[in-house]
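Thanks for coming. I will take a few minutes to walk through one structure, a piece at a time. Please have a look at it first.

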Amino acid sequence: MSAASKPCVHSCASSPDVTSRSIKCLINIPSLTRNWSIRQGPEVGRHPARWSGFRIAQRSFVRGVRNAHLCHQMIPDMVSIFADPVRATDPFFQLLTDHTSVPVDQIRYIFLLSMGYPLGAIYRHGLAPSPTHIMSRHMVSTSIGLLFGLMCFGWVQMGVLFSVTGVCYAMLLLVPSKVVHIYTIVFAMASMSAAHIYRMMVDYGGWHLDFTGPLMLIVQRVTLTAFALHDGVARKEAQLNEDQKLMKLTEVPSLLEYWSYNYNFHTFLAGPTCTLKEYLNFVDGSNFKATPTQNGDGKSKEKPEVEPPVLYAVITTLLKSLLCLVIHLVLVTRYPMDSILAPDLSLLSRMQAVYLAGVHTRMRYYFIWLLTESINNYIGLGFSGYKEGKPVWDVCKNVHLLDAEFGTNFRAVINGWNVTTSLWLRRVCYDRVPPSFVISPTMTVWLVSAMWHGFYPSYYLTFVCCGFITEAARKMRRLLNHHFQTDPVRKRLYDVATVATTLFFTDFAAICFQLLFLHKCLRLWSYFYYAPFVVVVLISVIPIPGDHKIARKSTKQSKARSQVA
């Protein structure tokens, strides 16, 4: 035996780790055969073709052994990725964090949201709406959404989301439709409250992205579905308003439809929320049906079911999103949130700091909302129909920038901010509050919104203050607006004054939402001597001339809503 083969045989015979040593010996087979063939004589060396079959088999065997050895090494890695997908994907996102200085959880979120464009292209063109693609569209969208969830939150937190949607779906099947909406909203809000309390216990005052964000969106979807089923099965057509007639459900959706609605990859992580009826119309392509148009002879003609041009809606929304991101990055370093609490600022300097800190905070939300709107427009979910022959993309619109930033009254600001959440609150709360309820519909909406957001004391300070601001703004508008409508110049000055006033009071209330801690909020308010809060409370509770007529009118409207609800 040659010197090259002796160490191999010796190691295989004497080593305690027989398996690994044997693999090394097998991999070293070419040297064994080559040395053995040289020793056989010159005729063997002259006719290598005699050994070609053996060499091919030997090489195939060695290649198989090597692949088996690699698979043996890869199995533990695959198991670890499956068991903890968050930790397994951390190195990749940590690499991006090192280059951008953005936290890993936010980088992960933005990266997965941005994947909506290439995945949306495949989903939009490879699985175009058709009767044969409906189930495939549901399954593909749900599978990708669940994968995104596992990469962000892991199995344990996703299990919480599975449990909530599973129980709510069981309620749709088992609970009578007359009360299913009450059971669903109570259970969903209780689950949401428990999640908020858990987060406060483990990450008090932190902004780490966890499962509570998607859970807040799931609460909206499961309650909208339960109320729609209640409207479609347990109530008469005459009792419904126009919106409820459009969004009602006459039967329980299938489990696949329900999961696809809650876990689809383009709305699961960051929204926005639409109704189940709108989502199902998008999946089967019926949302692309055009409204009838008139021919020259006056007869209606249906346009072909083709998807309208989407490029303009996608690009303009994406550019707005990127602009908001740039503004946020520029201002966040110059006006951090704690800078508004500096004791040496003058009143005007503090007002400026509060405003700019509020701007960069809002821009962060605008960036995500506009990005998700752009993605959903590209996929097709954002299309709602035609208006005057032009396509309208507003199903997934979550912000009206001009109204949210420069609204002439507080109501305009609220209607322009977080639009889909405002619609949810109106559909499940404001339109359902009976007139005999101890709290007004407006204040009820603000309290439910605060509970939906969490239990930080500053949240309730913000929403209670917003409730008083809403009432005060409504009174002042009724009292002053008609005095400034006769002259264009006076009307323009009035609009400028109302915009400035609305901005100040909105920032005064909303900044507490970002400070989180109650002592910080009270400290900030103390620099203004609590004057803004006292003013809006006084205006809200002090009656104004003719207010009793408005109150009677409001009562009649509440009774009408209760009869409809």
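I will start with a bend: helix H6 bends by about 45° at Pro 91. Before going on, note that this is a predicted model, so please hear every value I give as computed from that model.

Back to H6. The helix runs over residues 85-100. At 1.5 Å a residue, its 16 residues should span 22 Å, and the end C-alpha atoms are 23 Å apart, which agrees. Which residues of H6 are buried? They are Pro 85, Val 86, Thr 89, Phe 93 and Thr 97. Just after the helix comes Ser 101, with a positive phi of about 65°.

Now the overall picture. The protein has 25 helices and 4 strands. It has 565 residues, of which 43% count as buried. If we take the contacts with a separation of 6 or more, 69% of them are between residues 24 or more positions apart.

Next, some packing. Two packed helices are described by the angle between their axes and the distance between the axes. The pair I want to show is helix H10, residues 180-202, and helix H20, residues 441-453. Their axes come within 8 Å and cross at roughly 50°. That angle makes H10 oblique to H20, because it falls outside the ranges for roughly parallel, perpendicular or antiparallel.

Which residues meet there? On the H10 side they are Met 189, Met 192, Ser 193 and His 196. On the H20 side they are Val 448, Met 451, Trp 452 and His 453. By class, this contact has 5 nonpolar and 3 polar residues, and no charged ones.

Staying with H20: the helix has 13 residues and reaches 18 Å from its first C-alpha to its last, close to the 18 Å expected. Of those 13 residues, 10 are buried, so H20 is largely enclosed by the rest of the structure. The buried ones include Pro 441, Met 443, Val 445 and Trp 446. Trp 452 and His 453, which I just named in the contact with H10, are also among the buried residues of H20. Just after the helix, Gly 454 takes a positive phi of about 145°.

The second pair is helix H13, residues 255-263, with H14. Here the axes are 10 Å apart and the angle is about 100°. The two helices are therefore roughly perpendicular to each other. Glu 257, Ser 260 and Tyr 261 of H13 make the contact with Leu 276, Tyr 279 and Leu 280 of H14. Sorted by class, those residues are 4 nonpolar, 1 polar and 1 charged.

The loop between H13 and H14 holds Pro 272. A cis peptide bond joins Gly 271 to Pro 272, with omega about 0°.

Now one residue in H14, which covers residues 276-284: Val 283. Is Val 283 buried or exposed? It is buried, because its relative accessible area is 1% and the cut-off for buried is under 20%. Leaving aside neighbours within four places in sequence, Val 283 is in contact with Pro 129, Ile 134, Arg 137 and His 138. Val 283 and Ser 136 are 147 residues apart along the chain, and their C-alpha atoms are separated by 9.8 Å.

His 138 is worth a look from its own side. It is found in helix H9, residues 134-174, and at 3% relative accessibility it counts as buried. With neighbours within four places again left out, His 138 is in contact with Leu 256, Glu 257, Ser 260, Tyr 279, Leu 280 and Val 283. Among these, Glu 257, Ser 260, Tyr 279 and Leu 280 also take part in the contact between H13 and H14.

Last, two loop residues with positive phi. Glu 388 is in the loop between strand S3 and strand S4, and its phi is near 55°. Asn 418 is in the loop between helix H18 and helix H19, and its phi is near 50°. Glu 388 counts as exposed, at 76% relative accessibility, whereas Asn 418 is buried, with a relative accessible area of 12%.

That is the end of the walk-through.

Terms used. Residues are numbered from 1 along each chain as its sequence is written. This is a predicted model: local features need pLDDT of at least 70, side-chain atom pairs count only at pLDDT 80 or more; totals for chains, interfaces and linings use all residues. Side-chain values use heavy atoms; hydrogens and water are left out. The expected span of a helix is 1.5 Å times one less than its number of residues. The bend at a residue is the angle between axes fitted to the seven residues ending there and the seven starting there. Buried means under 20% relative accessible area, exposed over 50%, partly exposed in between (1.4 Å probe, protein chains only). Axes are lines fitted to C-alpha atoms, for helices over the stretch in contact, and angles run from 0 to 180 degrees between N-to-C directions. Angles under 35 degrees count as roughly parallel, over 145 as roughly antiparallel, 65 to 115 as roughly perpendicular and the rest as oblique. Contact means heavy atoms within 4.5 Å. Ala, Val, Leu, Ile, Met, Phe, Trp, Tyr, Cys and Pro count as nonpolar, Asp, Glu, Lys and Arg as charged, and the others, Gly among them, as polar.
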